[in-house]
Amino acid sequence: MDMTDTDKLFAGSIPKLYETLLVPLIFAPYAADLAARSRSNNVTRLLEIAAGTGVVTRALASGLDQSVSIIATDLNQAMLDQAAAVGTARPVAWRQADAMALPFGDGEFDTVVCQFGAMFFPDRPKAFSEARRVLQPGGVFLFNVWDRIEENEFAEAVTNALETVFPENPPRFLARTPHGYHDTGTIERDLSAAGFLEPPHIVTVAARSRAVSPRIPAVAYCQGTPLRNEIEARDASRLNEATDVAERFIAQRFGSGAVDGKIQAHVVTVRA
């Protein structure tokens, strides 16, 4: 299995660590942002793709009118199982689905939402064309992607830390995948190639990532994301060591107590 495969593998203990540590650390503020932007549209039937453990789903279920139908999908059943275990304020439909081949008819939805999933799509124009296909004319595709890793301080610190643990072959998952699709010109071209005729509206949104100690982001990134797969592919016995080094790097930069780092993402809105 090469790294392009393990980058998409959310299994084992990753889903629970992702939900308990990474969601409050970096995902929650952007979930609230997407939910608020969704409320500004005339939503009746919404599809979420790459829903993960459901942080956006929960925000949508709480923030949208009770009459709005919500279907939340993800490629990884383990992530959906974790999402369903946490639950939502009102019923939503959970469904395993590949964003590259959505199991829905043409024009079934007026809104498609995707939080930090586009970076993982192996063929983004194809995935975007699927989102456009299932949207009714004039429907809204709303998604976000992380900005470059240098604008996301904990992720950068962890990546730098692992370069000292595995100097000959450092794990680059964070820079390669979550933070590897940040060029807005590329995003615009991919949406155009997918058949979206109107230019997208793209805004850059900065937020803060906070934790009670450096240990939290170290464990969140090293053990609660597919970065874990990349570390263990090099030497599974060194996972705890890698996490400890990441913790030290974060502490050196942000302090040994409560830590506060910058995060930044692009939010994209485009109409079908």
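Two residues are in contact, or touch, when they have heavy atoms within 4.5 Å of each other. With that rule, Arg39 touches Gly63 and Leu64, not counting residues up to four places away in sequence.

This is a predicted model, in which local features need pLDDT of at least 70 and side-chain atom pairs count only at pLDDT 80 or more, while totals for chains, interfaces and linings use all residues. Residues are numbered from 1 along each chain as its sequence is written, and side-chain values use heavy atoms, with hydrogens and water left out.

## The whole chain

Let us begin with the overall picture. The protein chain has 11 helices and 7 strands; helices (H or I, at least four residues) and strands (E, at least two) are DSSP runs, numbered from the N terminus. The radius of gyration is 18 Å, close to the 19 Å that the globule rule gives for 272 residues, so the chain is as compact as a globular protein of that length. This radius is taken over C-alpha atoms, and the globule rule is 2.2 Å times the number of residues to the power 0.38. Along its principal axes, the C-alpha trace spans about 50 × 35 × 30 Å.

How much of the chain is buried? Of its 272 residues, 54% count as buried. Here buried means under 20% relative accessible area, exposed means over 50%, and partly exposed lies in between (1.4 Å probe, protein chains only). Among contacts between residues at least 6 apart in sequence, 80% join residues at least 24 apart.

## The core and helix α5

A nonpolar core is a set of buried Ala, Val, Leu, Ile, Met, Phe, Trp, Tyr and Cys residues joined through side-chain atoms within 4.5 Å. The largest one here has 89 residues, and those with the most contacts inside it are Phe128, Phe141 and Phe143. Helix α2 gives the largest share of this core, 12 residues.

Phe128 is one of the buried residues of helix α5 (residues 124-134), along with Ala127, Glu130, Ala131 and Val134. Seen down the axis of α5, these buried residues fall within an arc of 150°, so they line one face of the helix. The arc is that of the directions from the helix axis to the C-beta atoms. The buried residues of α5 pack against β1 (45-49), β4 (109-115), β5 (135-146) and α8 (184-193). Leaving out residues up to four places away in sequence, Phe128 has several contacts, including Phe141, Phe143, Asp190 and Leu191.

At the N-terminal end of α5, Asp123 acts as a cap: a side-chain oxygen lies 3.2 Å from the backbone nitrogen of Lys126.

## Helix α8

Which residues of α8 are buried? They are Ile187, Asp190 and Leu191. Seen down the axis of α8, they fall within an arc of 100°, so they line one face of the helix. The face turned away from this buried side carries the exposed residues Arg189 and Ala193. The buried residues of α8 pack against α5, β5, β6 (201-211) and β7.

At the start of α8, a side-chain oxygen of Asp183 reaches to within 3.3 Å of the backbone nitrogen of Gly185. After the helix comes Gly195, whose phi is positive, near 105°.

## Two unusual backbone angles

Most residues other than glycine have a negative phi, and most peptide bonds are trans. The table lists two residues with a positive phi that are not glycines.

| Residue | Phi | Place | Relative accessibility |
|---|---|---|---|
| Ala50 | about 55° | loop between β1 and α3 (55-63) | 24%, partly exposed |
| Phe116 | about 50° | loop between β4 and α5 | 6%, buried |

## Three residues to look up

Arg39 is found in helix α2 (residues 14-39). At 44% relative accessibility, this residue counts as partly exposed.

Is Gln264 buried or exposed? At 11% relative accessibility, Gln264 counts as buried, and its place is in strand β7 (residues 259-271). Its side chain makes a polar contact with the side chain of Lys262 (3.2 Å). A polar contact is a pair of N or O atoms within 3.5 Å; within protein, one must be able to donate a hydrogen and the other to accept it, and residues adjacent in sequence count only if both atoms are side-chain atoms.

Phe254 is found in helix α11 (residues 239-254) and, at 18% relative accessibility, counts as buried. The C-alpha atoms of Phe254 and Val268, 14 residues apart along the chain, are separated by 31 Å.
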